[in-house]
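Reader: I'd like to learn how to read a model like this one. Can we go through it together?

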Protein chains: 2
Amino acid sequence: MTEFALDPQDSTPLYTQLYRDLRQRILDGTYPEGDAIPSETAMRDLHGITRSTVRHAVSLLVSEGLVRQIRGKGTLVTYTPINHSVWNFGGFTDFSKAQHQRPVTKVLTQSVEEGPRGPQLLLVRARGFANDDAPTYLNLDTSVLELSRFPGLERFDFERHSLYQVLREHYEVAPVRNELKLSVALSSELTRQVFGEQPGVPGFICASGEVYDSSDQLVEHTSVIYSPSLEMHVGTSWNGAVNESVPA
Amino acid sequence: MTEFALDPQDSTPLYTQLYRDLRQRILDGTYPEGDAIPSETAMRDLHGITRSTVRHAVSLLVSEGLVRQIRGKGTLVTYTPINHSVWNFGGFTDFSKAQHQRPVTKVLTQSVEEGPRGPQLLLVRARGFANDDAPTYLNLDTSVLELSRFPGLERFDFERHSLYQVLREHYEVAPVRNELKLSVALSSELTRQVFGEQPGVPGFICASGEVYDSSDQLVEHTSVIYSPSLEMHVGTSWNGAVNESVPA
DNA sequence: TAGTGGTCTAGACCACCAT
DNA sequence: TGGTGGTCTAGACCACTAT
């Protein structure tokens, strides 16, 4: 049924390995929306691990909103296509896969400028889905990175490789945390160019802020403007404990 | 040091009891920002429970962004004041507490209208912080609820009691899940009335959608418009496993 | 009744940080 | 070196769902 096996020798935690496998199968349609993924006991026996470890892996899927656990029934794939993981713009490729779309990146600006702490890479990308005719762009992503920290970064082709992929593979830096601020951006020449004319739209939702790695070192300043055609859903589920309101 | 004790007889899970206690102490300043909460082993010994249970409680705080765990150092309070829990509008009171502000609710509309499935309660509230002079309103919250499901709901005073508090205490309904859509709302008579004139602001961020209870029954339709003076931060932290981008 | 997820125990070993 | 959080095992009992 599956050729997949966990590797206890791998430094990657077992729950992460299992999580990645399950996530992959959900995104590629092996476990379609509405269906149950294998039960916790089944995965425990299949992989020879504890149910605690299985539950840890599944809990990551739950917190991502990819599955829902229902006692007595099972763990059901409840993929809500455009959810708050959109904020995690690093995951645009995964997002595209789940939409069964091919991601397209167009680099609008890739230049080196002098910043307060030395030269910086200014990278402006339009990201969207491929179509038969012209691509549909869904967001407009502006990044600023210190070249003193990432020497040579300005030479990569960011239409072929994602920024985070390059950072991970060539600079061994993985973004771990972001602090974004939401605002409303006005229409501009750039938004008209990327999203087209949007009559009746007073502005665009914009998330801007900083991204940090596991050592709390600044990775990039970023600003993402979202297309109005991207229906952004913010799904929140909280257990009985979380976010109950208490009388004032 | 603490008079607090977990009650194993309570049907509330132990990890939820501990979570609530820790959360309370963080919000009221017992554990100030930057300080560490007690270590996992300390809480294990103090309450006579397993470290697994302690970790379960702490993991809820982590997913809320209230604390950050650093190996070798401890679990530090890293309260980021205005984070994505703003979306969980049910938690406005908690949010106010963390800001060391007193929450104020002004009911703008409370009326019964005929809806597609019978009479509905239409509730429009401005919510904000109390000041010495006039309150500062931070959001504009419109709710629609079916009166056939919540008979008598139209008689409550929602300036004194929160909607979710009433639902929980009088109808035994607890919201568990929401599905919100983000959009940009235009300035209107209502926003001018509540937020005042906002020159240069093209629109307001608006989250609208539905809220469900644990049985997936619809609780309310809701729409929340956020004041531009509310700096909305969306903090995301993902472990090495979550949201890594894969080459396209 | 059999199977599912929900909670909890009582350990173990490890990597990392402070001293 | 001692304490912290990170991972994992091997169970147990429960509540709920399907049949």
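Author: Let's start with surface: chain A exposes about 12000 Å², and carbon and sulfur atoms supply 49% of it. Accessible areas come from the Shrake-Rupley method with a 1.4 Å probe, and for residues only the protein chains shown count as cover. This is a predicted model, where local features need pLDDT of at least 70, side-chain atom pairs count only at pLDDT 80 or more, and totals for chains, interfaces and linings use all residues. Residues are numbered from 1 along each chain as its sequence is written, chains are lettered from A and ligands numbered from 1 in the order in which they are written, and side-chain values use heavy atoms, leaving out hydrogens and water.

Reader: What percentage of the residues of chain A count as buried?

Author: Buried means under 20% relative accessible area, with a 1.4 Å probe and protein chains only. Of the 248 residues in chain A, 48% fall in that class.

Reader: And how should I read confidence?

Author: Use pLDDT, the predictor's confidence in each residue, from 0 to 100. Chain A has a mean of 81, with 84% of its residues at 70 or more. Then check the weak spots: pLDDT stays under 50 over residues 82-86 of chain A, which have 16 contacts (heavy atoms within 4.5 Å) beyond four places in sequence. Residues 239-248 of chain A are also below 50, with 28 contacts in the model beyond near neighbours in sequence.

Reader: Which contacts say something about sequence separation in chain A?

Author: Take those between residues at least 6 apart in sequence: 55% of them join residues at least 24 apart.

Key: Buried < 20%, exposed > 50% of the residue type's maximum accessible area, 1.4 Å probe, protein only.
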